[in-house]
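I opened this notebook to record what I looked up in one structure. My topics are charged pairs, cysteines, a surface patch and a helix.

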Amino acid sequence: MISPIYKEPTEKMIRLFDAVAALLEEGADVKDLKVIDITERAGIGKGTAYEYFKSKEELLLEAQIYYFDQKVKWLCERVGTAGNFAEAIEACCKAIDDMLENEAGMGVLFRHALAGAEEEETHTRCEDTKGMDLFFAGLAQLGQREGIIQNADEEEIRSILITELVGYGIACHMWTKRHPDRKGYDVYQIKMKNHCLKAINLLL
């Protein structure tokens, strides 16, 4: 089974990350969020936060990396135990569904990270894709074992998988924007999951 390479944060760091996610979930503006707000929610002293992070921006980015890492770990476990390639793609879609529907705080963090922090070191850390490389390699190997993926070009395989899975997420997100009552969303999700798998099969 493949697994991500990120190191686990300390218990206090996780409490800070969870506090960030909870505050954003409740509607706090990421730009107005203060370190004192986060530490009070986490139940630890303000000085403790600065033992781990130089600034609020660094704390926010580390929270984004942490939650992204947890999602990658979850996906790696599903790919490693999936009975077939279709089940692995289903797990990917489920992870995207969770981010869109149930993890608003993490979604805010992702958008904030994509906007970019200014420090070069921060950008470098955010662009570390080793965990995702392992994930896509495992997904590709599963498809190749089943004969679904004939292509041997790793970059092309990765590009196609990312394009179709991100496309799935965008389509679902746009649908919910057009249909706030979400009536019929389950049927639409199934349709888009099938479309995503079919497109990947055809392209690879």
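**Entry 1: a charged pair within one helix.** The model I am reading is a predicted one. I began with E11 and R15, whose side chains meet in a salt bridge, with 3.5 Å from N to O. Why can these two residues meet? Both belong to helix α1, which covers residues 11-25, and because they are four residues apart there, about one helical turn separates them. I also looked up the exposure of R15: the residue is partly exposed, with a relative accessible area of 29%.

**Entry 2: charged pairs between helices.** I then asked how many salt bridges the structure holds. The count is four. One of them joins E90 to K193, and the closest N and O atoms of that pair are 3.2 Å apart. E90 is in helix α5 (residues 85-101) and K193 is in helix α10 (residues 185-203), so this salt bridge ties together parts that lie 103 residues apart in sequence.

I next checked whether each partner is buried or exposed. E90 has 39% relative accessibility and counts as partly exposed, whereas K193, at 15%, counts as buried.

K193 also forms a salt bridge with D97, where the closest N and O atoms are 3.5 Å apart. Here again a residue of α10 meets a residue of α5, so the pair ties together parts 96 residues apart in sequence. D97 counts as buried, at 5% relative accessibility. I noted that E90, D97 and K193 are joined into one network by salt bridges that share partners.

**Entry 3: cysteines.** I searched the whole structure for disulfides and found zero. Why is C172 not bonded to its closest cysteine? The closest cysteine sulfur belongs to C93 and is 7.5 Å from the sulfur of C172, which is too far for a bond. For C196, the nearest cysteine sulfur is again that of C93, at 4.6 Å, and C196 is in no disulfide. The cut-off I needed for this step is that the two sulfur atoms must be within 2.5 Å. I recorded exposure as well: C172 is buried at 0% relative accessibility, and C196 is buried at 2%.

**Entry 4: a nonpolar surface patch.** I looked for nonpolar residues grouped on the surface. I162, V166, I170 and M174 form such a patch, and together they have about 330 Å² of accessible area. I162 is found in helix α9, which covers residues 154-178. The relative accessible area of I162 is 30%, and the residue is partly exposed.

**Entry 5: the two sides of α10.** I returned to the helix that contains K193. I first compared its span with expectation. At 1.5 Å a residue, the 19 residues of α10 should span 27 Å, and the end C-alpha atoms are 27 Å apart, which agrees.

Which residues of α10 are buried? They are Y185, Y188, Q189, M192, K193, C196, L197, A199 and I200. Viewed down the helix axis, the buried residues fall within an arc of 165 degrees, so they line one face of α10. On the other side of α10, the exposed residues are V187, I190, K191, N194, K198 and L202.

I closed the entry by placing earlier residues on this helix. K193, which has salt bridges to E90 and D97, is listed among the buried residues of α10. C196, which is in no disulfide, is listed there too.

Technical notes. Residues numbered from 1 in each chain as written. Predicted model: local features only at pLDDT ≥ 70, side-chain atom pairs only at ≥ 80, totals over all residues. Heavy atoms only, no water. Helix = DSSP H or I, 4+ residues; strand = E, 2+ residues; numbered from the N terminus. Buried < 20%, exposed > 50% of the residue type's maximum accessible area, 1.4 Å probe, protein only. Patch = residues over 30% accessible without salt bridge, like charges linked within 9 Å, V, L, I, M, F, W, Y side chains within 5 Å. Areas by Shrake-Rupley, 256 points an atom, 1.4 Å probe, with all protein chains shown as cover. Expected span 1.5 Å × (residues − 1). Arc of directions from axis to C-beta.
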